[in-house]
Amino acid sequence: MTDEKKHKHVREPLIHLAKRDNLPRSKALLIRTIAIALGILITCVFGFLIIGWSPSRIVHAMLDGTFGTENRRWDLFEKTAILLCISLAVTPAFRMRFWNIGAEGQTLIACLTSAACMIKLGDKLPNPVLLLVMLVLSITAGMIWALIPAIFKAFWNTNETLFTLMMNYVATQITSYFIYIWSVPKGSGHIGIINPTTHSGWLVSIGDYPYLLNILVTIVMTITSYIYLNHCKHGYEISVVGESEKTARYIGINVKAVILRTMCISGAICGLAGFLIVSGADHTVITGSVGGLGFTAIMVSWLAKFNPLAMSFFAFMIAFLGKGAKEITTLSGLDSSFADIVTGFVIFCIIGCEFFINYKIKMRRKEAKHE
Amino acid sequence: MSEQTSVETGSGSGVKADGRVPAIELRNITKTFGEVIANQDISLNVYRGEILSVLGENGSGKTTLMNMISGIYYPDSGEILIDGEEVLIRSPKDAFRYKIGMIHQHFKLIDVFTATENIVLGLNDGRYDLPAYEVRVKEICDRYGFVLDPKKKVYDMSVSEKQTVEIIKVLFRGADILILDEPTAVLTPQETDRLFNVLRRMREDGKAIIIITHKLHEVLSLSDRVSVLCKGRYIGTVITAETNEQKLTEMMVGEKVDLNIHRSDPPKDSVPRLVVNNLVCKNEDGIEVLKNISFTAMSGEILGIAGIAGSGQRELLESIAGLEKLESGEITYNNPATGAAEDLRNKSPRQIRELGVRLSFVPEDRLGMGLVGNMDIIDNMMLRSYRGGRGLFLNRTDPASLAEKIINDLGVVTPGAKTPVRRLSGGNVQKVLVGREIASAPTVLMVAYPVRGLDINSSFTIYNLLNEQKEKGVSVIFVGEDLDVLIELCDRILVLSSGQISGIVDPRVQPEGITLKEQIGLLMTKKVSGTEETPAGSEESSSAEGKEAAND
């Protein structure tokens, strides 16, 4: 009887998903690399379909747009640095599970502060003093912008995501108001390069490399962040509060104080980024000074799982994709959204591959078993 | 196993001598999750008119196995037969078609609905005739001896009533193979007896019943046969009448286990360590969860706290640990180092520690409160000590050696000290937590349900640790659910009933007429009558202010 039963055809689901527990790091890295390669492959196919370029031409254009000339290289690294700096800013908050999506506004308000100092104090203070004042005030401005939602969160448990988002709009509106007031010529709606002749308030360049200081500052910040988050008591408190507020209370961490302190740090780094953007690179402020980096930074931080060192890779990757794809659009006359689409493809693949890191797919076993 | 006479191991044909076919039969079922083998080659069967216990420790794969019968999981290999026919159960719907009903450990009821509304929820028979359903619910109740008002709302129900609703729900749908997953975990002894009577009637009615449990005395009093699982493997099936606790334990654990707890007498020089006086505490909704609690915890004793789940046990421990705001009352700690009496009222855990009060607390919610699941053992050791030392940086060397020490001393099974604690099994998680709390050399040690979910060996490790602490003169406060353990382990048992103390029992003294367990069971449900009316008005407003102040 049993033998008969065994041969009876029983339909079993075609695909099983099984959770995997401990994928070795090397294998996980391999999966991620394949994902990035796949993203670029999709880009090539997509590019071929809409502009008819061969994959090698697309890859070549991307490389040329990013590494082709010295200027392009510096530009790439500067973009990476600013993006990384803002990513570092959001990370402490994220580790605390405080979803600060207001980095855009926190940075912009700092940009505005820096520009305001350059305009109002440019001819009154010697340059080193001016730079110091700009730095301090920008950091303070970013901090205040971050602290307001933090206070509401800590004391009245308001939703930080909506609050920080709204603060972005407030920052944009304030900036556009002041741009109108200070526009040159009056009423034109843009400020233009500030102090183009005196260069007061311009971050000094090291040698002939105008962006080198920005890059160095970011490298220092990255290492500092890594140490702060992983090897300092503060960083540990942040993790505990993020993982479980109940545990934090149980061991006597003052949760409110940690929220406020961490958001101060988050805002301060945004302030620093704003200062670097205005003083170190743009020398002006527009409502788009931050250009969405405050949001891109969220992605960088997440992709790197809040690890500052890994973030430098992802910031570089996103800067590279953005710049590389932009080169293609310039050469082929495509709309600039192409760059966003390309970035989207690659990130989709990276996030999608997490599934394969966490799960194993098992197909239906072969019937041959009983034969 | 050779000494056991009637153990059937292999898969057997499953047909009884009298030619009956089992209601449900499992053959060589295997299920894995990643690298974890939850069930390996398990075969068992149940006949109609029979109660089968599936016995095994936590993590032995009982629930996984039952989930495969009820369609929640799909086995990797093996067959399921219903009435001798091979079937395929891919979803709970399939299970329902084969008249299999599972009563889960965690109830799935809608609070604002009545019993009947919950019972018929999701039933699609084209009409919605509530009065008729109520009549049928009543019929089922009468038939099996359930006590349930079909019109009662779930939020008004006790745990046992909710469970009744769950059982009737599957009966209503015509289930004749019933699976109950740890049904007695949440019941008082009296309620358990009532449930067992109902189950016996169902057996007489020809139902096939599988009851999952790890409590041996329940197995012995209720079931006809017992199938034992150990670490995902099928050990064997024995006829209940031919076995005893000791034999079953050996099958379940795989080795001989001493089931006695050695209780020493508290020392003569025992002194009051923690004095709680008239404690009142409200929850977020403003309902009093602790009412006029007064007791004294002595040094060198284990004070047990018994009560139905949710009678204020958690709030009591948390208010002592400085995690709850008090409405009124005092908590005084007699510091053995200085001789001073410290007032712990409305102090934060950190302030309490800074006073030099050596209070350790093993909370009920291990991974949500006592430990951080995503952190490794070392970082979890650091929770208590990370503030120590000067400077901004963390010192991970001391926590690392403490972690190693705990892993070695308590036999924590882990790939290493750097493994996130959420990856460890329940028993090992608890060892890490208890180990850390004991490491700070406490003078008061509070533990809430410390052996919940632990296997027998781990449980006894914990009992021994508590006894050791007691012998060192620590005042141990033990909130437990297993009355047998409380009676064997504790020096005094304080019984809570809806936030009030309904009695303090000496477990060394047998009451007259009833068993000690029954006495405690009665106290657990006893309504504590009129403690004196508190002068509401003025008291209320002043304590409200105190609450505001404490809030900051």
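Start by selecting strand E13 (residues 302–306) of chain B and look at its two faces: Ile302(B), Gly304(B) and Ala306(B) on one side, and Leu303(B) and Ile305(B) on the other, are all buried (under 20% relative accessible area, with exposed over 50% and partly exposed in between, for a 1.4 Å probe and protein chains only). Because five of its five residues are buried, E13(B) is largely enclosed by the rest of the structure. Strands here are DSSP runs of E with at least two residues, helices are runs of H or I with at least four, and both are numbered from the N terminus.

A note on what you have open: this is a predicted model, in which local features need pLDDT of at least 70, side-chain atom pairs count only at pLDDT 80 or more, and totals for chains, interfaces and linings use all residues. Residues are numbered from 1 along each chain as its sequence is written, chains are lettered from A and ligands numbered from 1 in the order written, and side-chain values use heavy atoms, leaving out hydrogens and water.

Next, add strand E18 (residues 475–479) of chain B, which runs parallel to E13(B) and is joined to it by four bridges (pairing takes at least two DSSP bridges). Here Ile305(B) stands opposite Val479(B).

Now pick strand E19 (residues 492–497) of chain B, also parallel to E13(B) over four bridges. Leu303(B) stands opposite Arg492(B) there.

Zoom out to the open sheet of six strands, ordered E16-E17-E18-E13-E19-E20 (chain B), with mixed pairing. Its edge strands, E16 (359–362) and E20 (500–505) of chain B, each pair on one side only.
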